[in-house]
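User: Could you take a close look at one part of this model for me, and then tie that part to its surroundings? I would enjoy a connected walk-through.

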Amino acid sequence: MIEGIFVEGLIYGIMVLGVFISFRILDFPDLTVDGSFPLGAALMVQCLLMGMNGWLALLVAFTGGVVAGMITAVIHNHLKVPNLLAGILTMTMLYSVNIRILGNRANVPILKHETLLTQVTDKLTGIVPDDYILLVFFLVVALAVKVLLDLFFRTDLGLTMGAMGNNEQMVISQGVDPRTLKTVGVGLSNGLVALSGAFAAQYLGFADVGLGQGIIVSGLASVMIGEFLVMKSNRIGVLTFCALAGSILFYAVMYLGRYYGYVIHMTPSDLNLIKGILIICLLILTQFTKLKKIGIKAVAAK
C-alpha cells in the first residue's frame with residue numbers, strides 16, 4: 001500500500017506542479033485542468049494504439065496540454081473574458097474533443113498493449129526489486145520535472161512571470177506584455193497536467209473522459225497541504241518540493257479513505273466530499289495561523 005501511495009502521489013504530483021504554476025506563480029485560477037488531464041490521457045492512449053514510440057507519445061500529450069492552456073489564455077487576454085470563465089469554456093470544449101480523440105468512446109483500455117511503463121518494467125527487472133520499479137521510475141521523472149521547473153523559474157522569463165503574479169502593473173511598467181507571460185505560463189501549466197494524465201492512463205490501464213473530474217480540487221488540496229505542513233519559503237526549489245510532498249500526503253489520505261472508509265460507512269462517492277472538507281479545514285487552519293501571528297506581533301509591539 002505504501003508503494004502505491006508514493007507512485008500515485010508522484011504521478012499526480014506532476015499535475016500538482018502545473019496547478020502550482022497557475023494558481024501560485026501566475027495568480028491565475030485555471031479550470032482548464034479538468035479538461036487537459038483527460039486530454040493528455042486520451043492522446044497518450046491513441047498514440048500508443050497507433051504504435052507510436054512511448055516517449056514521443058508523451059511529447060504529443062504534453063503539447064496537447066500546452067495548446068489547451070494557450071487557448072484559455074488567448075480567450076482571457078484577447079476576448080477580455082475573466083480567467084475562471086475562460087477556463088470553464090476550454091474545459092467544456094475539451095470534453096467533446098477528448099471523446100473525438102478516443103474515437104467517439106468514453107473509455108479506451110490499453111491493458112493488453114505495450115506501454116512506456118511495461119517497457120521500463122522489462123528493462124529494470126532484475127536490477128530493481130519488482131515491487132519498486134514503478135516507484136523508482138516515477139521518482140526520477142517527478143524529480144526531473146521539478147529540477148527543470150526550478151531552472152526555468154531562475155531564467156529571466158521565469159523570474160518575470162513570478163513577478164507578474166505578485167504585481168502585474170510593475171511588469172507592465174517595465175515594458176513587458178503580461179498577455180505573453182500568461183499565455184506561456186498557462187500553457188506550461190496545462191502541459192504538465194496533460195503529462196500527468198498521460199502517465200496516469202498508462203498506470204491505470206485506460207483513458208476515460210471522466211478522469212479529470214474534480215482533479216483541480218485534488219491539485220489545490222495538494223498545494224495547500226504542502227505549503228501548510230512542510231515548510232515556509234519563497235525559494236522556488238522549496239516551493240516545488242512542497243507541491244510534490246503535498247501530493248503524496250494528499251493521496252495518502254485518499255488511500256486511507258478508500259481502504260478504511262468502510263469503518264464509518266464511507267463509499268467511493270464520498271471521496272469528493274472528503275476533498276472539499278479537507279480544503280475547508282486547511283483554509284480555516286491557515287486563517288487561524290495568520291490571526292495567531294498578528295496577535296503575537298501586537299503583543300510584541302506593546
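User: Please start from helix 1 and work outwards from there.

Analyst: Happy to; here is helix 1 first, followed by the core, the charged pairs and a few other sites.

This is a predicted model, in which local features need pLDDT of at least 70 and side-chain atom pairs count only at pLDDT 80 or more, while totals for chains, interfaces and linings use all residues. Residues are numbered from 1 along each chain as its sequence is written, and side-chain values use heavy atoms, with hydrogens and water left out.

Helix 1 spans residues 2–25; helices here are DSSP runs of H or I with at least four residues, strands are runs of E with at least two, and both are numbered from the N terminus. At Gly-13, helix 1 bends by about 35°, the bend being the angle between axes fitted to the seven residues ending at a position and the seven starting there. Of the 24 residues in helix 1, 20 are buried, where buried means under 20% relative accessible area, exposed over 50%, and partly exposed in between, with a 1.4 Å probe and protein chains only. Just past the end of helix 1, Asp-27 has a positive phi of about 55°.

That coverage leads us to the interior. The largest nonpolar core holds 84 residues; such a core is a set of buried Ala, Val, Leu, Ile, Met, Phe, Trp, Tyr and Cys residues joined through side-chain atoms within 4.5 Å. Helix 1 gives the most to this core, with 14 residues. Tyr-12 and Met-15 are among the residues with the most contacts inside the core, a list that also includes Phe-37, Phe-137 and Phe-199. Setting aside neighbours within four places in sequence, Met-15 is in contact (heavy atoms within 4.5 Å) with Phe-37, Leu-192, Val-193, Ser-196, Ile-215, Gly-219 and Tyr-251.

Helix 1 also takes part in a charged pair. Arg-24 forms a salt bridge with Glu-227, their closest N and O atoms being 2.7 Å apart; the term means a side-chain nitrogen of Lys or Arg within 4 Å of a carboxyl oxygen of Asp or Glu. This pair links distant parts of the chain, since Glu-227 sits in helix 10 (residues 215–229), 203 residues away from Arg-24. Arg-24 counts as partly exposed because its relative accessibility is 39%.

The whole structure has three salt bridges. Another joins Asp-150 to Lys-146, again with the closest N and O atoms 2.7 Å apart. These two residues are four places apart in helix 6 (residues 133–152), so about one helical turn separates them, and both are buried. Arg-179 pairs with Asp-177, with a closest N and O separation of 3.4 Å; Arg-179 is partly exposed at 36% relative accessibility, as is Asp-177 at 31%.

Beyond those pairs, His-76 lies in helix 3 (residues 54–78) and is buried at 15% relative accessibility. Its contacts, not counting residues up to four places away in sequence, include Phe-28, Val-81 and Lys-182.

Finally, the record. The unreviewed UniProt entry annotates "transmembrane region" over several stretches, including residues 5–26, 132–153 and 184–205; positions follow the numbering used here, feature names are shortened, and annotations may be inferred rather than shown by experiment. In the model, residues 132–153 are 91% helix and 0% strand, with end C-alpha atoms 31 Å apart. Residues 184–205 are 95% helix and 0% strand, and their end C-alpha atoms lie 31 Å apart.
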